[in-house]
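User: Could you take a close look at one part of this model for me? I would like to know how it is built and which way its side chains face.

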Amino acid sequence: MEYVILAVVIAVVAIGAITGLVVSGRRRKELDRPSQAPTITAPAPAKPAPTEPEAEVEPGAEVEPGAAVEPGAEQPAAQQPTAEEPTAEEVRAEEAEAAPAIEVPEPTAGRLVRLRSRLSRSQSTLGKGLLTLLSRDRLDEDTWEEIEETLLTADVGVAATQELVDNLRTRVKVLGTRTPDELRGLLREELVKLIGTDSDRTVRSVKHEDGPAVVLVVGVNGVGKTTTTGKLARVLVADGRKVVLGAADTFRAAAADQLQTWGERVGAHTVRGPEGGDPASVAFDAVKQGIADGVDTVLVDTAGRLHTKTGLMDELGKVKRVVEKHGPVDEVLLVLDATTGQNGLVQARVFAEVVDITGIVLTKLDGTAKGGIVISVQRELGVPVKLIGLGEGADDLAPFEPGAFVDALLG
Ligand code: GDP
């Protein structure tokens, strides 16, 4: 009997022990499960369908058109619950808070007149020199040669110089007596005629029904391309436009930071990509951002490496083609450094062969006596000068007006 009771007790204890082990094993499995849960659910928000607009990656993490999202851009989404992930608007709001106070750029109307002293200081050899020569008692062959020389030194170009001298000679002869005012009026008229008043010099920046106007800014490194893009953003903002900037000069180390700083000053968002990344991809994303934000104008600063014409053609051609997937490019502005004279004209020729230039920006006209390049570059390309740079200040970029320009030259 005792043996029977002992056997029953042992059986009960054994059953209890086995049940305990099974239950604790299940608990352990249940405890393990929550740590796996995010890995199972996270991929949905982390890998959005490429076609959905909501799936847009924040501007900092750039994507090749049609390419997979960079692994670096996915990580935050995979590690954090979706609910805590900041939205693009929140990121933008944070950026705006961190950014310096937004400035109000100077109005663009009359900028050239306000900045005229910058021109006349360095251009005196052209305007004042010509007036002095024309005021001589006797206008003999030597004097006309000196007039020609002055025009050529100022980079007016051979054909334009000849035209100007021929016209002046005829008109001076007809005039008979010459008062300083008459001479000034004569020279003004002839110079304005050479520059031309018929061209449309406005930068095409008005929004279309289905998207923003797109402006590509091209030119070799060092001419002031990035600075001009930043200043142009101010010009457009001053004229009431909403702007997005594309930092597609991914080859010059500081270019994107430089452009972003310009943008922040006037409240324009800058789309950028990884250093050395594909410029066309950044340009594409910038226009995409501009469409999403409903802005008026997207300004794209391009890379300006002029190693070979083929290289340039490949690079700029690709930027233009990729951007055109969104719609036509409205304006291709070529930036030229006025102080480089003939070299600037050589650059202009190369760029014009690669891409259809629609307007010229002449920078650093405050630092040269070669203002005649306005005339020669227009003749060379058959494209109008639309803007001129007259200093390093934020609002030292002026819409080009032939009359005001010549007045500044003549002092
Ligand atoms: P990028 O390499 O063509 O993008 O050249 P940047 O935009 O970096 O400009 C090169 C330098 O030219 C900078 O120091 C600018 O401040 C200067 N710069 C640009 N435009 C003008 C201008 O109109 N006048 C003067 N004096 N300097 C300018």
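Analyst: Gly 176 comes right after helix α8, and its phi is positive, near 75 degrees. A word on the basis: this is a predicted model, in which local features need pLDDT of at least 70 and side-chain atom pairs count only at pLDDT 80 or more, while totals for chains, interfaces and linings use all residues. Residues are numbered from 1 along each chain as its sequence is written, and side-chain values use heavy atoms, leaving out hydrogens and water.

Now to α8 itself, with helices (H or I, at least four residues) and strands (E, at least two) taken as DSSP runs numbered from the N terminus. The helix has 18 residues, 158-175, and its end C-alpha atoms lie 26 Å apart, which agrees with the 26 Å expected at 1.5 Å a residue (1.5 Å times one less than the number of residues). Ala 160, Thr 161, Leu 164, Val 165, Leu 168 and Val 172 of α8 are buried (under 20% relative accessible area, with exposed meaning over 50% and partly exposed in between; 1.4 Å probe, protein chains only). They share one side of α8, because their arc around the axis is only 125 degrees, taken from the directions from the helix axis to the C-beta atoms. An α-helix has 3.6 residues a turn, so residues three or four places apart point the same way. The other side of α8 carries the exposed Ala 159, Lys 173 and Val 174.

Further along, Ser 205 sits in the loop between α9 (180-195) and β1 (213-218). Ser 205 counts as buried because its relative accessibility is 2%.
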